[in-house]
Amino acid sequence: MDSLPPPAFDDLRPGIDLPPDYDGSGSIAEELPTPGVDLPPAYPVNLPNSFPIGAQETHPLVKLTEVESHLRLLGAFWQLRQDVVTSAETGTSWDELSQAERWIIFVSRASWRFELWYTNLLCRPGRDDKPLTKDELPPLDVAMVWHAYILNPLEYLEEGLVRSKRLLKMGYYPLARIAASIHPLSMRPLDPPHNQTFTFEAHTGQPFLFSTMVLPSETIQVPCPRCKFLVEVPWYNEDRKGFGQPGFLETCRSCLLDFGKEAMGVRRLAEHIQTWIIRDKANGQSLAGTLIDYTTGMPDFKKAYFFNRKILQYFESVCKKDEQKTPAGVGDMVKWNTSQAEYCIRIGMRLVDNTPSPQRWGRVLSHYTHAGIFSMDLIGATLRQSGFIKEMVDLGWTRAGTFATDKTILARSIARYHAWLDLFASNPNLTPVPTLDIDLIWHTNMLYADRYRADTYKLLGRIPDHDDKVEETALADAFDETARAWRSRFGVPYSLCGCAPTVLTDSTLSKLKSIGRRNSSTSRVNMVDIQSLVGKEDNDSEDAVTHPSTHYSVLVLDSPAVDQARNKRTDDLRKLREQARKAAAKGRSLSPSVAIGRPERIEPKPGHMQAFRRARPGPEEERRAIYSAFLVDGKAHGGGHCAVGVAGGICQINGTAVFCTSPGRCQAGGGYGMMMRGGDIGRFF
């Protein structure tokens with residue numbers, strides 16, 4: 001196995017003790033410029049030698065220089081997006097596309113170029129398993145897709161262990177080297193060395209210096225899922241069925257199969273099923289999403305083997321003839337869609353009534369609903385990362401020179417990240433949701449993939465995942481739990497921007513008072529340095545960085561249950577703010593915080609974006625440019641109703657014994673789901 005060896009099982013879970021002291025004191029580990037005397041820092045700009053996490057001590061997991069390099073890279077990604085969506089007039093249909101449509105098409109092409117870079121350059125014959133060399137560094141668009149991919153550490157780990165082993169062999173993301181290739185003022189790439197350009201172009205056949213426009217004349221050859229005949233298709237067209245558009249649809253000129261991106265994903269599923277059937281099943285082969293134990297973040301080959309054998313028994317029993325054991329045979333069997341694949345699994349498991357399929361099945365099949373060679377939808381992941389990058393841009397953190405003289409906020413962000421990891425150690429059942437500043441440091445840590453896995457497993461007994469597709473209200477609830485746990489452990493507020501307030505309940509106040517009464521030698525709440533976790537008093541810019549990080553959230557449309565939860569949260573927040581205004585009128589604070597010396601904000605400043613309130617799209621015709629990275633169709637995933645009616649498990653369209661595949665789409669042609677396929681969204685980190 002190419003990953004780090006798992007620690008001894010006796011040492012899986014670190015001990016849990018009282019909250020650590022994040023006062024930033026101790027020996028200086030990193031000398032940094034000191035602000036002038038007229039700009040006194042609120043937090044020591046020298047990181048300590050170690051931070052306590054749970055019962056252990058650790059060196060700083062992230063360096064200030066790494067964070068600054070990451071911010072420059074994010075600035076370059078944002079500038080690239082601006083160049084794409086505002087590109088000059090071409091006199092072609094590119095000019096008629098909206099900014100959202102342009103960006104989706106460009107990212108689709110960038111994802112394809114990433115695949116070419118990986119398969120043709122990194123996996124070329126004769127290249128050994130050495131780390132990435134400077135001549136193999138990719139262009140910025142490819143680096144952007146890789147960046148989004150590696151920020152899903154468990155997906156990345158599983159892919160590297162089973163199907164794309166060179167991902168792990170080439171080492172960590174070369175953050176410093178790529179950031180050094182970015183002009184610090186323009187945020188655009190510097191002229192690349194000749195060897196770097198030649199290496200990329202010679203192996204991929206693509207220009208290193210790419211265009212920010214995708215012209216209508218540009219095409220891509222895609223293989224038919226059934227017969228592998230190469231079909232040349234445009235990236236976009238007026239019917240919005242180009243390969244770079246969400247509604248992609250094409251007909252194979254050889255076998256006449258009508259196929260879209262889901263059918264191309266099912267081809268991958270069929271190949272994995274074929275591998276399972278005809279090869280050594282115990283040789284680490286498994287379906288995507290089945291190898292990693294998400295409770296620990298470590299691979300479990302034994303459990304994966306038995307799970308795969310269990311859900312694939314239908315295909316093993318049915319595929320007897322040689323032609324049935326081919327990807328084309330399996331694909332035809334499941335009609336080139338994941339819902340029919342789930343139906344076959346249900347038959348094999350003898351689930352022939354309306355009993356819902358286990359959620360894990362949905363998580364597995366969600367890896368096969370998109371095109372591409374990788375099990376993760378890299379287009380969607382890259383688009384969702386754009387949301388986080390915009391947050392960093394709006395904060396002004398990506399501007400050149402922002403932290404040239406004062407690195408106070410960055411140092412505090414690193415301290416808060418270590419405190420946030422302490423919540424993992426002290427609350428094993430908690431799913432912490434980060435604020436923007438913590439999320440930035442977390443992302444930076446994950447770019448050094450090997451180091452991240454080793455350090456977090458050692459400190460926490462698990463590798464925290466970074467699932468970037470979670471239903472909005474579920475994410476909001478998890479953030480509230482995080483805020484309560486943070487206040488309980490450290491005695492200070494988690495977020496100070498005012499858009500996700502956490503009011504001190506009677507039980508929380510009682511818990512804090514009991515902690516405060518403890519002997520000072522064991523109480524940590526009274527020893528936490530406030531400025532290391534919440535910053536200076538009444539500083540809008542510093543409070544804004546504690547805004548919830550919401551780029552993980554996706555909207556589920558046309559789902560009564562989701563709409564009800566969203567409306568309830570809105571109503572609760574409105575009532576809370578009304579109470580706060582009444583309390584303020586009486587000279588009281590609804591949520592006092594003696595620790596930070598000021599009342600907490602119950603409302604954000606004017607112009608501050610409200611958390612967990614992503615705008616709904618307009619009418620159906622206005623949704624055409626919205627990629628599924630941000631939206632989930634509630635009807636297709638369970639928000640609607642059966643199109644024809646089901647009684648006793650019998651499909652009423654023809655009165656025959658056709659059993660409903662509850663979690664999937666209506667197989668009778670209705671196009672509506674019976675209930676939520678839970679694995680597509682909602683799994684947390």
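Helix α17 covers residues 449-460, twelve in number, and its first and last C-alpha atoms lie 16 Å apart, close to the 16 Å expected at 1.5 Å a residue. The model is predicted. The points below cover this helix, the largest nonpolar core, and two residues other than glycine with positive phi, K335 and R350.

**Helix α17**
- Buried positions in α17 are A449, Y452, R453, D455, T456, Y457, L459 and L460.
- This list includes the charged residues R453 and D455.
- G461 comes after α17 and has a positive phi, near 80°.

**Nonpolar core**
- The largest nonpolar core contains 152 residues.
- W117, Y173, F259, F315 and Y417 have the most contacts inside this core.
- With twelve residues, helix α15 (residues 408-426) gives the most to the core.
- In soluble globular proteins, nonpolar side chains tend to be buried together.
- Apart from neighbours within four places in sequence, W117 contacts L122, L132, E136, P138, V142, W146, M170, F200 and T204.

**Positive phi outside glycine**
- K335 has a phi near 60° and sits in the loop that joins α11 (327-333) to α12 (338-348).
- The relative accessible area of K335 is 54%, so this residue counts as exposed.
- R350, also not a glycine, has a positive phi of about 60°, and its place is the loop between α12 and α13 (359-365).
- R350 is exposed, at a relative accessible area of 68%.

Notes: Residues are numbered from 1 along each chain as its sequence is written. This is a predicted model: local features need pLDDT of at least 70, side-chain atom pairs count only at pLDDT 80 or more; totals for chains, interfaces and linings use all residues. Side-chain values use heavy atoms; hydrogens and water are left out. A nonpolar core is a set of buried Ala, Val, Leu, Ile, Met, Phe, Trp, Tyr and Cys residues joined through side-chain atoms within 4.5 Å. Buried means under 20% relative accessible area, exposed over 50%, partly exposed in between (1.4 Å probe, protein chains only). Helices (H or I, at least four residues) and strands (E, at least two) are DSSP runs, numbered from the N terminus. Contact means heavy atoms within 4.5 Å. The expected span of a helix is 1.5 Å times one less than its number of residues.
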